[in-house]
Amino acid sequence: MLSRRRILDRFEQTVLRPARSPIVIATMSIFRPIALAVAAVASLAGATHALAQDKVLNLYSARHYQSDEAMYTEFTRTTGIRINRVDADDAGIVARLRAEGAASPADVVLLVDAARLAAADAQGLFQPIKSAKLDESIPANLRAAATPDGVTWTGFSTRARVIVYDPLRVKAEDVATYEQLADPKLKGMVCTRSGSHPYNLSLFATVIERMGDEKGEAWLKGLVANMARAPKGGDTDQIRAVASGECGVAVTNSYYAARLLKSDKAEDKTAMEKIRVVFPNQGTSGTHVNIAGGAVARHAKNRDNAIAFMEYLASPFAQEYFANGNNEFAAAKGVKIDNAALRAMGGDDFKAEQVPLAAVAKNLTKVQQMLDRVGYK
Ligand code: FE
């Protein structure tokens with residue numbers, strides 16, 4: 001891993017670079033003529049207003065980032081489809097969809113983490129869609145399993161589940177893999193948030209997919225045996241706990257570390273100076289990546305608009321906004337996000353785990369049962 005000095009150097013060198021990559025600029029110039037054409041057709045018909053009213057998309061979103069506004073505005077500008085947005089957290093959106101049932105106005109649902117998407121899918125809240133554009137642009141391992149009817153959920157950004165450690169207490173070579181978190185060498189040092197949190201459920205589900213049930217459960221047991229304290233707090237709390245010396249090693253989603261790295265607060269800067277970030281399993285299976293993603297709602301009334309919106313989210317233009325809003329990586333093939341903090345952490349070029357996130361859906365219940373058996377709170 002990079003030294004703190006080099007991290008800072010790289011951060012300073014790159015922070016002033018233009019954020020937009022050439023591929024994104026090229027795409028924007030494609031969007032403009034389409035928008036002009038749409039506007040021309042609308043005004044020819046003398047029905048700009050009516051067109052805007054007839055073309056609607058109801059979006060239920062668990063993502064709330066300032067930069068998303070520009071992404072939605074561009075969709076409306078280029079398609080004439082107005083977006084009505086309902087913002088809530090993931091649990092709130094799922095509860096609302098369930099309560100509304102067939103009367104739900106939701107067309108597209110955006111949730112965070114494959115475990116949450118898989119759970120909502122298992123409750124029948126989504127519908128499969130067929131889209132050549134999505135098939136082409138989003139890797140199959142970042143989507144629900146394909147069926148003859150199509151695919152339900154699709155990832156639109158990715159985040160890595162990284163290891164952070166205290167270099168004063170832990171050697172880099174002892175925390176190079178997720179497997180090592182269960183090594184007795186790290187006894188009394190490991191911290192995580194609740195094992196049942198979707199971020200951990202997803203990680204464990206793919207670990208178990210790779211290792212098999214027996215080894216997977218033994219790994220979870222070893223992890224629990226190594227804990228510095230009972231699981232508590234969120235991912236940022238784990239980073240702070242490593243920085244404060246309470247924990248020697250912890251697990252966090254990459255964007256939380258990036259957020260602290262970009263922070264102007266002295267306490268955040270100090271915290272990030274005290275820790276190191278590892279993208280685990282680079283020599284083996286790759287670092288676990290998860291998604292923020294979306295699906296067409298089961299009872300969508302504006303299904304065509306919903307599919308058009310999903311396809312738009314996979315476009316290079318929208319991908320940049322979607323990823324940058326939360327310091328994430330693009331999900332679409334060939335789209336590279338320029339984020340100085342992620343690059344400084346070593347996130348510009350890492351080997352990602354290729355286990356399909358559909359395995360999360362498959363293993364979710366099994367993982368929860370294992371957590372109960374090994375006493376992972
Ligand atoms: Fe989060």
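Helix H8 gives three residues to the lining of the second largest cavity, the largest share from any element, in what is a predicted model. Together with helix H9 (213-225), helix H8 (198-211) belongs to the elements that contribute two or more residues to this lining. The residues around the space are Leu 181, Thr 192, Asn 200, Leu 203, Phe 204, Trp 219, Leu 223, Val 251 and Tyr 376, and they divide into seven nonpolar and two polar, with no charged residue. The second largest cavity holds about 30 Å³ of space, and the structure has two cavities of 30 Å³ or more.

From the cavity we can turn to the cysteines. The structure has one disulfide, which joins Cys 191 to Cys 247 with an S to S distance of 1.9 Å. The pair connects distant parts of the chain, 56 residues apart, since Cys 191 belongs to strand S6 (residues 190-191), while Cys 247 sits in the loop between helix H10 (235-244) and strand S7 (249-253). A disulfide is a covalent bond between the sulfur atoms of two cysteines. In the link of Cys 191 and Cys 247, the angle about the S-S bond is -80 degrees, and the link is left-handed; both of these cysteines are buried.

The loop that leads from strand S5 (154-165) to S6 contains Thr 177. Is Thr 177 buried or exposed? Thr 177 counts as buried because its relative accessibility is 17%, where the cut-off for buried is under 20%. Leaving aside residues up to four places away in sequence, Thr 177 touches Ile 163, Pro 280 and Asn 281. Thr 177 also lies 8.5 Å from Thr 284 in space, C-alpha to C-alpha, although the two are 107 residues apart in sequence.

Strand S5 itself holds another threonine, Thr 158. With a relative accessibility of 8%, Thr 158 is therefore counted as buried. Its contacts, again without residues up to four places away in sequence, are Leu 142, Val 289, Asn 290, Ile 291, Glu 328, Phe 329, Ala 330 and Ala 331.

Thr 158 also leads to the largest pocket, whose volume is about 610 Å³. This pocket is lined by 27 residues, and those closest to its centre are Thr 158, Phe 329, Ala 330, Val 335 and Lys 336. Strand S10 (329-330) and helix H15 (340-344) are the elements that give two or more residues to the lining of the largest pocket. Phe 329 and Ala 330 thus appear both among the contacts of Thr 158 and among the residues closest to the centre of the pocket. The lining of the largest pocket divides into twelve nonpolar, seven polar and eight charged residues, whereas the lining of the second largest cavity has no charged residue.

A last stop is strand S1 (residues 56-61), which is mostly covered, with six of its six residues buried. Which residues point each way from S1? Val 56, Asn 58 and Tyr 60 point one way, and Leu 57, Leu 59 and Ser 61 point the other way, with buried residues in both sets. Strand S1 runs parallel to strand S2 (residues 82-87), and six bridges join the two. Within this pairing, Leu 57 of S1 has Ile 83 of S2 as its bridge partner.

How values were computed
Residues are numbered from 1 along each chain as its sequence is written. This is a predicted model: local features need pLDDT of at least 70, side-chain atom pairs count only at pLDDT 80 or more; totals for chains, interfaces and linings use all residues. Side-chain values use heavy atoms; hydrogens and water are left out. On a 1 Å grid over the protein atoms alone, a cavity is a set of points where a 1.4 Å probe fits but cannot get out, and a pocket is an open set with protein on both sides within 12 Å along at least five of seven lines; lining residues have an atom within 4 Å of a point. Grid points are joined across faces, edges and corners, and a volume is the space filled by probe spheres set on the points. Helices (H or I, at least four residues) and strands (E, at least two) are DSSP runs, numbered from the N terminus. Ala, Val, Leu, Ile, Met, Phe, Trp, Tyr, Cys and Pro count as nonpolar, Asp, Glu, Lys and Arg as charged, and the others, Gly among them, as polar. A disulfide is a pair of cysteine sulfur atoms within 2.5 Å. Buried means under 20% relative accessible area, exposed over 50%, partly exposed in between (1.4 Å probe, protein chains only). Contact means heavy atoms within 4.5 Å. Two strands pair if DSSP finds at least two bridges between them.
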